[in-house]
Amino acid sequence: MEATIKTIVFKNGTIVISQIEEVESELGEPNCKLIAPCEIKKGITEDVYLQNWLCDYTKQSEFLVNSDSILTIINPNSDIIKKYIDIIS
């Protein structure tokens with residue numbers, strides 16, 4: 001399955017932009033693969049910036065998450081996509 005770039009809103013309030021793939025798994029196991037996720041944050045001046053997700057804890061660029069932790073998945077706007085592509089390129 002091909003990865004697509006989406007904005008993911010987690011139930012805990014974290015918002016990331018990432019390439020995302022659905023993976024086959026057993027019931028209760030992680031079923032979404034996030035590839036090169038970046039957390040979307042707002043700066044002091046309300047400007048949006050991106051930061052590699054969990055960069056303080058790992059150099060890993062692929063993460064398996066359980067879809068139960070996701071509130072919604074949406075299409076990012078073009079400005080966010082441009083910032084994301086600049087970071088991952």
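1. Pocket lining, by class. In this predicted model, the lining of the largest pocket is made up of 7 nonpolar, 4 polar and 1 charged residues. The volume of this pocket is about 160 Å³. Its lining consists of Ala36, Pro37, Asn52, Trp53, Cys55, Thr58, Lys59, Gln60, Ser61, Phe63, Ile87 and Ile88. Strand S3 (32-42) and helix H1 (78-88) are the elements that give two or more residues to that lining.

2. The largest nonpolar core. This core has 10 residues. They are Ile8, Phe10, Val16, Ile20, Cys32, Leu34, Trp53, Phe63, Val65 and Ile70. S1, S2, S3 and strand S5 (62-65) each give two or more residues to this core. Another core, of 8 residues, lies apart from it. Cys38, Ile40, Ile80 and Tyr84 are among the residues of that other core. As a general point, nonpolar side chains tend to be buried together in soluble globular proteins.

3. Trp53. Trp53 belongs to the largest nonpolar core and also lines the largest pocket. Which residues does Trp53 touch, not counting those up to four places away in sequence? The list is Phe10, Thr14, Val16, Leu34, Pro37, Cys38, Glu39, Phe63 and Val65. Of these, Phe10, Val16, Leu34, Phe63 and Val65 are members of the largest nonpolar core. Cys38 is instead listed in the other core.

4. Phe63. Phe63 is found in strand S5. Is Phe63 buried or exposed? Phe63 counts as buried because its relative accessibility is 9%, and the cut-off for buried is under 20%. Leaving out residues up to four places away in sequence, Phe63 touches Cys32, Lys33, Leu34, Pro37, Trp53, Leu54 and Thr58. Pro37, Trp53 and Thr58 line the largest pocket, as does Phe63 itself. Phe63 and Ile20 lie 43 residues apart in sequence, yet their C-alpha atoms are 9.7 Å apart in space.

5. Strand pairing. S1 and S2 pair in the antiparallel sense, over 6 bridges. Within this pair, Thr7 stands opposite Ile17 in S2. S2 and S3 also pair in the antiparallel sense, over 6 bridges. Here Val16 has Glu39 in S3 as its bridge partner. Glu39 is also a contact of Trp53.

6. The S1-S2 turn. The hairpin of S1 and S2 has 4 residues between the strands. Gly13 takes a positive phi there, near 100°. Thr14 is found in the loop between strand S1 (4-10) and strand S2 (15-22). Thr14 counts as buried because its relative accessibility is 17%. Leaving aside neighbours within four places in sequence, Thr14 is in contact with Ile8, Val9, Glu39 and Trp53.

7. Backbone points to check by eye. Most residues other than glycine have a negative phi. Ala36 has a positive phi, near 55°. Ala36 is found in strand S3 and lines the largest pocket. Leu54 is not a glycine either, and its phi is positive at about 60°. Where is Leu54 found? Leu54 is in the loop between strand S4 (48-52) and S5. Leu54 counts as partly exposed because its relative accessible area is 33%. Leu54 is also one of the residues that Phe63 touches.

Notes
Residues are numbered from 1 along each chain as its sequence is written. This is a predicted model: local features need pLDDT of at least 70, side-chain atom pairs count only at pLDDT 80 or more; totals for chains, interfaces and linings use all residues. Side-chain values use heavy atoms; hydrogens and water are left out. On a 1 Å grid over the protein atoms alone, a cavity is a set of points where a 1.4 Å probe fits but cannot get out, and a pocket is an open set with protein on both sides within 12 Å along at least five of seven lines; lining residues have an atom within 4 Å of a point. Grid points are joined across faces, edges and corners, and a volume is the space filled by probe spheres set on the points. Ala, Val, Leu, Ile, Met, Phe, Trp, Tyr, Cys and Pro count as nonpolar, Asp, Glu, Lys and Arg as charged, and the others, Gly among them, as polar. Buried means under 20% relative accessible area, exposed over 50%, partly exposed in between (1.4 Å probe, protein chains only). Contact means heavy atoms within 4.5 Å. A nonpolar core is a set of buried Ala, Val, Leu, Ile, Met, Phe, Trp, Tyr and Cys residues joined through side-chain atoms within 4.5 Å. Two strands pair if DSSP finds at least two bridges between them.
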